[in-house]
Amino acid sequence: MSDTLVNGTPWEGPEGTTVAELVAQWCPSPRGIAVARNGEVVPKSRWQGTRIVAGDQIEIVTAAAGG
Amino acid sequence: MDYPTDGTEGSTELADARLANGANGVAGVATGAGALGTTAAAADTPLTIAGQPFCSRLLMGTGGMVSPESLREALQESGTAMATVAVRRVDPSTRHSLVELLGELNVRVLPNTAGCFTASEAVLTAKLAREAFETDWIKLEVIGDDLTLLPDAVELVAAAEELVDEGFTVLPYCSDDPVVARRLEQAGCAAVMPLGSPIGSGLGIRNTHNIALIVEQAKVPVVLDAGIGTASDACLAMELGCEAVLIASAITRAHRPGLMAGSMRQAVQAGRAAYRAGRITRRFYADASSPFEGMIDRSANGTDVADDTQADHSG
């Protein structure tokens with residue numbers, strides 16, 4: 001799925017990957033992490049039940065020094 | 001004995017009385033009127049935002065930190081109870097956790113919407129922050145200009161209204177315009193956070209008059225946020241009646257951040273005490289602090305030129 005972006009970079013993972021699985025690949029722990037899919041927040045409670053489809057733009061965010 | 005006054009005393013007295021009597025429920029002392037209340041001697045009430053008390057009036061920004069170790073030291077030396085964090089893409093190469101560090105130091109996380117230029121960007125960022133950090137507190141920043149990082153008042157107020165509607169506790173970073181500050185308060189923000197000068201500029205408080213006006217009118221805490229450069233700036237903010245200050249670059253980018261953090265901690269305490277103590281009025285002329293009574297006879301010297309005026313001209 002080369003037109004799927006995760007944090008701005010093309011993502012080649014298999015279609016149907018859940019958000020929970022994706023986060024596990026990117027983060028050692030889900031604590032302090034939030035996900036947006038196509039500009040909308042995906043609540044933690046729905047990570048397991050949300051599957052990535054082609055063309056999705058995913059943002060995985062956390063705290064960074066700032067402000 | 002009444003010392004001569006210069007006539008301007010009345011107006012400065014009034015202005016200083018207004019500055020001393022902040023609008024945030026902390027009674028100052030009416031200058032010159034001798035109206036010392038028992039509040040002057042009583043212990044200070046803690047900083048309270050949205051019903052939440054804080055043991056420190058120094059909020060810290062984590063931006064600009066050179067290293068996690070230096071940030072840890074600065075946070076500790078500052079004594080801060082709340083620190084801002086930005087919401088950014090996960091960097092898999094980062095091993096340390098900012099949220100864990102703050103938790104360990106018992107510092108409350110205040111996420112911000114730094115980098116947002118529109119209300120919708122800020123609202124999405126705030127929602128992500130709420131999800132990530134399990135807090136509905138948000139420092140709202142909506143910037144209008146890359147170079148100055150000055151807030152876009154129009155987008156800011158729109159974002160504040162939407163976020164308050166969505167149940168957020170909004171602490172907006174705003175310009176030092178009393179009208180914008182009032183709009184934000186009317187929109188339901190839990191505090192107003194006017195800038196002293198542009199973020200990271202270290203220029204201190206450019207418009208003390210406006211800050212005093214905002215303090216006078218606000219019913220929510222006023223937190224001076226942005227532009228503080230050194231200790232005297234933080235002290236001045238508190239003297240003007242701000243309930244707290246938010247400091248990032250002045251600490252994190254100082255040559256010795258830990259030392260500066262400790263200095264700022266003292267400066268905030270000093271300014272707050274000075275505010276509560278009630279300063280003297282500003283006078284155009286001198287007001288002698290030593291009494292006139294009991295002075296020796298200056299004419300006894302004999303060589304004093306002024307004696308001529310007292311010489312006997314009757315001859």
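Is B:Glu134 buried or exposed, and how many other C-beta atoms lie within 10 Å? In this predicted model, B:Glu134 is exposed, with 11 other C-beta atoms within 10 Å, and its place is in the loop between helix H4 (119-133) and strand S6 (137-140) of chain B. The backbone of B:Glu134 has a phi near 55°, a positive value in a residue other than glycine. Most residues other than glycine have a negative phi. A second residue of this kind is B:Ala50, whose phi is near 50° and therefore positive, although the residue is not glycine. B:Ala50 is found in the loop that lies between strand S1 (47-49) and strand S2 (52-54) of chain B, and it counts as partly exposed because it has 14 C-beta neighbours inside 10 Å.

Strand S6, which follows the loop of B:Glu134, also takes part in an open sheet of chain B, where 3 strands are arranged in the order S6-S7-S8 with parallel pairing. S6 and strand S8 (193-194) of chain B stand at the edges of this sheet, and because each has a single partner strand, one side of each is left without a neighbour in the sheet. Strand S7 (residues 169-174) of chain B is joined to S8(B) by 2 bridges, and the two strands run parallel. Within this pairing, B:Tyr173 has B:Met193 of S8(B) as its bridge partner.

Two helix pairs of chain B were then considered. Helix H6 (residues 178-186) and helix H7 (residues 208-217) of chain B pack at an angle of about 30°, with their axes 9 Å apart; since angles under 35 degrees count as roughly parallel, H6(B) and H7(B) are described as roughly parallel to each other. The crossing in which H6(B) passes H7(B) is right-handed. On the side of H6(B), the contact is made by B:Pro178, B:Ala181 and B:Arg182, and on the side of H7(B) by B:Asn210, B:Leu213, B:Ile214 and B:Gln217. By class, the residues of this contact divide into 4 nonpolar, 2 polar and 1 charged.

In the other pair, helix H2 (residues 68-78) and helix H10 (residues 257-277) of chain B pack at an angle of about 20°, and their axes are 7 Å apart, an arrangement that makes H2(B) roughly parallel to H10(B). The crossing of H2(B) and H10(B) is right-handed. H2(B) contributes B:Ser70, B:Glu73, B:Ala74, B:Glu77 and B:Ser78 to the contact, while H10(B) contributes residues including B:Pro257, B:Gly258, B:Ala261 and B:Arg265. The contact of H2(B) with H10(B) has 4 nonpolar, 4 polar and 3 charged residues.

Attention turns finally to the contact between the chains, which takes 20 residues from chain A and 27 residues from chain B. On the side of chain A that touches chain B, strand S3 (34-37) and strand S5 (57-65) of chain A each supply at least two residues, and S5(A) gives the most, with 7 residues. The residues on this side of chain A divide into 12 nonpolar, 6 polar and 2 charged. S5(A) also pairs with a strand of the other chain, namely strand S4 (residues 82-89) of chain B, in the antiparallel sense and over 5 bridges. One of the residues in this pairing is A:Ala63, whose bridge partner in S4(B) is B:Val87.

Terms used. Residues are numbered from 1 along each chain as its sequence is written. Chains are lettered from A and ligands numbered from 1 in the order in which they are written. This is a predicted model: local features need pLDDT of at least 70, side-chain atom pairs count only at pLDDT 80 or more; totals for chains, interfaces and linings use all residues. Helices (H or I, at least four residues) and strands (E, at least two) are DSSP runs, numbered from the N terminus. A residue is buried if 20 or more other C-beta atoms lie within 10 Å of its own, exposed if 12 or fewer, and partly exposed in between; C-beta atoms are placed from the backbone. Axes are lines fitted to C-alpha atoms, for helices over the stretch in contact, and angles run from 0 to 180 degrees between N-to-C directions. Angles under 35 degrees count as roughly parallel, over 145 as roughly antiparallel, 65 to 115 as roughly perpendicular and the rest as oblique. A crossing is left-handed if the near helix is turned anticlockwise from the far one by less than a right angle, and right-handed if clockwise. Two residues are in contact if their C-beta atoms, placed from the backbone, lie within 7 Å. Ala, Val, Leu, Ile, Met, Phe, Trp, Tyr, Cys and Pro count as nonpolar, Asp, Glu, Lys and Arg as charged, and the others, Gly among them, as polar. Two strands pair if DSSP finds at least two bridges between them.
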